[in-house]
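Below is a set of questions and answers on how two protein chains are built and how they meet. Please look at the model first and then follow the reasoning step by step.

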There are 2 protein chains.
Amino acid sequence: MASYFENSSDALVPDALKGFARAHAELVTLDPEHGFLLSRTAAPSRRVALLSGGGAGHEPLHAGYVGRGMLDAACPGRVFASPHNRQVYAGSLAAARAEGVLHIVKNYTGDRINFGIAAERLAHRGIPCARVLIDDDLASDSADIASGRRGTGGTVLIEKILGAAADTGLGLSELQELGTRLAARCRTLAVASAAHTAPTTGEPAFPLAAGELEYGVGIHGERAQQTVPREPLTGLVERMTTALLDALAPDGPVIALVNGLGAVTPLELYAVHGELAALLDARGTDLARALVGDYITALDMRGFSVTLLAADEEILRLYDAPVHTAALRW
Amino acid sequence: MASYFENSSDALVPDALKGFARAHAELVTLDPEHGFLLSRTAAPSRRVALLSGGGAGHEPLHAGYVGRGMLDAACPGRVFASPHNRQVYAGSLAAARAEGVLHIVKNYTGDRINFGIAAERLAHRGIPCARVLIDDDLASDSADIASGRRGTGGTVLIEKILGAAADTGLGLSELQELGTRLAARCRTLAVASAAHTAPTTGEPAFPLAAGELEYGVGIHGERAQQTVPREPLTGLVERMTTALLDALAPDGPVIALVNGLGAVTPLELYAVHGELAALLDARGTDLARALVGDYITALDMRGFSVTLLAADEEILRLYDAPVHTAALRW
């Protein structure tokens, strides 16, 4: 038996979805055939449905963001595997509004392919469909990587902001433009001091010596380009923050997400946040909003990510709009 | 260097408190001298302040429950160590309302002593003070344990309910009576498949063979009375739930808390919740409310707890009252 609490590694995701739908029955329904989650509550002003999805193992992403003011539907795949295009298609059909559906897709090959096939089928049905691609992972920002930057923590912030924008009644192309603009204004860096447990073997998914750190790790355990020695937190956060600020060069307020990848404690995340806030203060950058906690995880990886999104007044107003989902509520 | 992300093991808690106060500046202030957190928002109708505290390492408990509709103040100690009585005294003085302060104390010797000394000093100052002792851990329910049952997951539910009751304007003895009644109606059981990382050594705090489970583990890594073989989730949850129902014999609705102890994934917790809900359905017990997530942790322990609270209409009404804290909001 693997080291996860489960009936079997195949049963874990379907069992979790059933439990999730039961725990949040006022917010979502679970489609028993295709395994997508559909919001029970959405603003009547919303003309376009927002649908996201991707591999399981990143909870609360995406199911935890279905509900009022955020996603209309989420399609979870198996652990670290893209949802099937039939699932995305069925979820899109169920969620679609008068002016169609916007797919919010993290930049991974499998997700791009499956969401793409679903979008073609939707087009054949006459349902307008567009895509926002999230590619905020600074560690995969390299001319050597043909697939481009991976999508990671920024997804949470962008799904929140797009949800509020959809509630104001924006159309499909307006939402796509806003989402694309948001993705361009967002970068994330992640580090890990231990890999997640591989679901099938119960062993760490990659080796890492004590005192070493994966700097720039991916949310599926993609190894970083650098393995670096551990250092005290102040220096580590300064290094990460400097890289993010260099990439974004924000000239206005920023929204930060200090995110646990699974096994990191809230004590550590709040300590990271304190360092981040002090650094931004020192650099004269306005830390306008912040989230601290487990918002997009990598099973039980011992690591954290820092996301910065270069905001403006309009973005902050959308971010502040009320939201009621399982994992985000204000 | 230990395996936590920190500047030093001594710095982690103070650094985290600074980051927490920064992230939730609209909800709390941090007393720089004594290290307690004080709510910035409380109902004017509240006549008695609610203060809790205990060792750090259990976040979001207690700091995450300071705010509107819940605690007026929280006193975190060092990791797994009671707050100092001077800290509890200073926090109580700062928080006290016209009719005094209620201490919500988990049943551990150090906490009992330090809250007790603080209460005596408060009495000398003429400030009414009473105590609710939380002792919900079924695993330590034994005539052999002179110190009584430990306090654990039930603390979260009881702090929520007492917060709503305090907002209705109840007096000190009424709140103490209600809290004591709630504690008697609440039981918790926890299991772990791996210990937390000891902050000073970076090693697992206790050994546990692959395929073994600590059944009845404590939130500081107190070993269980039983080490049992791993089993599929359905059987494990049935065993835990049956023990809780046998102890409580609820004759009305129950509130459940499915709680992660640190490194367990949301997938697993929701799978647990699904099993729990199915079992309660089958037994004819009304699962009226549920929380699923990390609400009271044990650093990065790989385990979870299940708490049941035997409710009634009044308790459900108080539970449903609005709350706005860092970790609980509705």
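Buried area is the accessible area, taken with a 1.4 Å probe, that two parts lose on being put together, summed over both. The model discussed here is predicted.

Q: What is the area buried between chain B and chain A, and what share of this area do carbon and sulfur atoms give?
A: The contact takes 52 residues from chain B and 52 residues from chain A. Between the two chains about 4,200 Å² is buried, and the share given by carbon and sulfur atoms is 63%.

Q: Which residues of chain B lose the most area to chain A?
A: Three residues of chain B together account for 21% of what that side buries. These residues, which lose the most area to chain A, are B:Phe5, B:Leu267 and B:Tyr270.

Q: How are the two copies related?
A: Chain B is superposed on chain A by a rotation of 180° with 0.0 Å of shift along its axis, and the RMSD is 0.0 Å. The copies are thus related as by a two-fold rotation axis.

Q: Which residue of chain B comes closest to the rotation axis?
A: The same surface serves both copies, since 100% of the contact residues of chain B recur in chain A. Judged by its C-alpha, the residue of chain B that comes closest to the rotation axis lies at 2.1 Å from it, and this residue is B:Ala263.

Q: Which side chain of chain B meets A:Asp281 in a salt bridge?
A: Between chain B and chain A the count is four salt bridges, and the count of residue pairs in polar contact, with both residues at pLDDT 80 or more, is 19. In one salt bridge, at 2.7 Å from N to O, the side chain that meets A:Asp281 is that of B:Arg22.

Q: Which element gives the most to the side of chain B that touches chain A?
A: The elements of chain B that give two or more residues to this side are α1 (12-23), β8 (186-194), α6 (233-248), α7 (266-283), β12 (287-293) and β13 (302-310). With 10 residues, the element that gives the most is α7(B).

Q: Which strands stand at the edges of the open sheet of chain A that has the order β10-β9-β8-β13-β11-β12?
A: This open sheet has six strands with mixed pairing. Each edge strand has a single partner strand, so one side of each is left without a neighbour in the sheet, and the two strands in question are β10 (226-229) and β12 (287-293) of chain A.

Q: What is the bridge partner of A:Ala192 in β9(A)?
A: Strand β8 (residues 186-194) and strand β9 (residues 212-215) of chain A pair in the antiparallel sense over two bridges. In β9(A), the partner of A:Ala192 is A:Glu214.

Q: What angle does the direction of helix α5 of chain A make with that of β8(A)?
A: Helix α5 (residues 172-184) of chain A packs on the sheet, where it touches β8 and β13 (302-310) of chain A. The angle between the direction of this helix and that of β8(A) is about 50°.

Q: Which strands stand at the edges of the open sheet of chain B that has the order β1-β2-β5-β3-β6-β7?
A: The six strands of this open sheet are joined with mixed pairing. An edge strand here has a single partner strand, so one of its sides is left without a neighbour in the sheet, and the strands so placed are β1 (28-30) and β7 (129-134) of chain B.

Technical notes:
Residues are numbered from 1 along each chain as its sequence is written. Chains are lettered from A and ligands numbered from 1 in the order in which they are written. This is a predicted model: local features need pLDDT of at least 70, side-chain atom pairs count only at pLDDT 80 or more; totals for chains, interfaces and linings use all residues. Side-chain values use heavy atoms; hydrogens and water are left out. Two strands pair if DSSP finds at least two bridges between them. Helices (H or I, at least four residues) and strands (E, at least two) are DSSP runs, numbered from the N terminus. Contact means heavy atoms within 4.5 Å. Axes are lines fitted to C-alpha atoms, for helices over the stretch in contact, and angles run from 0 to 180 degrees between N-to-C directions. Copies are superposed by least squares on the C-alpha atoms of residues with pLDDT of at least 70 in both. A polar contact is a pair of N or O atoms within 3.5 Å; within protein, one must be able to donate a hydrogen and the other to accept it, and residues adjacent in sequence count only if both atoms are side-chain atoms.
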